[in-house]
Amino acid sequence: MSQPEASSPGRRGLGGARIVLGVTGGIAAYKAAELASTLVQAGVALTVVMTAGARQFIQPLTFEGLTHRRVYTGVFEGWNDGHTGHVELASGADLLLIAPATANTIARLAHGNVDDMLSAIALATAAPIVIAPAMEQHMWLHPATVANVETLRERGVTFAGPDAGRLASGAMGQGRLAATGEIVAAARAALGRGGPLAGRTVVVTAGGTQEPIDPVRFIGNRSSGRMGIALAEAAIDAGAAVRLIVTRNVDPQLVSGDVVVVESARELREAVDDALPAADVLAMAAAVADFRPERVSDQKIKKQGGQESLDLRLVRNPDIIAGVEKAGLLKVGFAAETEHVVAHAAAKLEAKGLDLIVANEAVATIGSERSQATLIARDRAPVSLPEAPKHVVAARIVDEIVRLLTLEDADA
Ligand code: CTP
């Protein structure tokens, strides 16, 4: 009998994760195709299992095309050539994700019923389970469903959504399948459970602040927020609870999980202050404007005939990370410099009382998909990382955060 290869120790994140995606019979089943595509593109080894109901809405061929793998539909499939059907799928999974999940499937799982391939895997697996429900509001709010969801939550099942909005019937209410990004975020968090940052809360800021001049204009910068988002995801992959604080310009498609949106440096400081009591790590990847217009006009500033210049007086913004004082908090700064990169970053490490600073060359990094970073901590020589996609660099930064937290714990 062939046994699935055990998950490699230390594997983190979606890349290489083995996920079984259960698709059940609701109109939202068509959205599972986009979810499957997103997961496959993120490097997931995805096996799709469909219920009979799901096949009324979408064909197995769609998922076969997206995953390049066999799609399972019946409980007696997969027993040929020494394979053990649902047992093998269940034991080989790092995660069971069910999206969309109908009220009926939630009920079957809560009661341990096994009448198809998906319910058999759900009962046989030791992997974490994430459920993204989709149904009419009355079904979601029915006491039977509420009780079933509670039962599953008590057993450690995670729920993503459902969201409020327009439902299949045309009515408005709660019951829409959660956005793909939210479901993927829940999957990441479930896969990261028990990782080296388990039990830690990491606050990450991302993007570039916008300092208003008048109701339609602002002073901003070119930061895309990609590094911060990648860092938040890498921290979730390592098991952390993450509070992500983003500026308005950050593409909401990239944002997932516990997110706060801010505009100016002063709003960012308030959001950081709110997050601090729970924080073990503060990672300030956001590009913060050092100055803001002294006066913000209530009305759009109009040019006068013949006017050739406009004076804007700017005043200093608070230095957020330098001003944060909390015992035991690990402070991680970012420095994008155009010259003397390591020397300037090292000076900021000292001046701002940081534990770690990530230095990189500004022009090559800001707005790019890739980064070449140097990690500067107090206890060793700077470590220069190879140029790589930001998610790879982010994983290395998280490794360094883990190393510093471990040292801190040993000192305590
Ligand atoms: N930072 C901050 N508050 C500010 C400015 C910067 O918390 N008002 C943080 C950034 O988020 C980053 C680190 O400090 O993590 C370094 O940011 P950077 O803009 O490079 O530093 P500055 O002190 O503004 O230096 P410079 O004069 O080079 O702009």
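Author: A polar contact is a pair of N or O atoms within 3.5 Å. The model is predicted, so local features need pLDDT of at least 70 and side-chain atom pairs count only at pLDDT 80 or more, while totals for chains, interfaces and linings use all residues. Residues are numbered from 1 along each chain as its sequence is written, and side-chain values use heavy atoms, with hydrogens and water left out.

Reader: Which residues surround the ligand?

Author: A residue counts here if one of its heavy atoms lies within 4 Å of the ligand. Met284, Ala286, Val288 and Asp290 belong to this set, as do Pro318, Asp319, Ile320 and Ile321. The list is completed by Gly333, Phe334, Lys348 and Lys352.

Reader: Which residue places a polar side-chain atom 2.7 Å from an oxygen atom of the ligand?

Author: Met284 approaches a ligand oxygen atom with a polar backbone atom, at 2.7 Å. Ala286 likewise uses a backbone N or O atom, which lies 2.8 Å from an oxygen atom of the ligand. The side-chain contact, at 2.7 Å from a ligand oxygen, is supplied by Lys352.

Reader: What percentage of the area that the ligand exposes when taken alone does the protein bury?

Author: The contacts to ligand oxygen atoms include those from Met284, Ala286 and Lys352. Taken alone, the ligand exposes 570 Å² (accessible area by the Shrake-Rupley method with a 1.4 Å probe). Of that area, the protein buries 76%.

Reader: What distance separates the centres of domain 1 and domain 2?

Author: The bounds come from an automatic or database domain assignment. Domain 1 covers 18–191, and domain 2 is given as two segments, 201–298 and 311–404. Taken over C-alpha atoms, the separation of their centres is 36 Å.

Reader: Where does Pro100, which follows a cis peptide bond, lie?

Author: The bond from Ala99 to Pro100 is cis, with omega near -5 degrees. Strands (E, at least two residues) and helices (H or I, at least four) are DSSP runs, numbered from the N terminus. Pro100 falls within residues 95–101, which form strand S3.

Reader: What is the omega value of the cis bond from Gly161 to Pro162?

Author: Pro162 sits in the loop between strand S5 (158–159) and strand S6 (163–166). The peptide bond leading into Pro162 from Gly161 is cis, and its omega is near 5 degrees.

Reader: What is the phi value of His68?

Author: His68 is in the loop that runs between helix H3 (60–67) and helix H4 (85–91). Its phi is positive although the residue is not glycine, with a value near 60 degrees.

Conventions
Polar contact = N/O pair within 3.5 Å; in protein donor to acceptor, adjacent residues only side chain to side chain.
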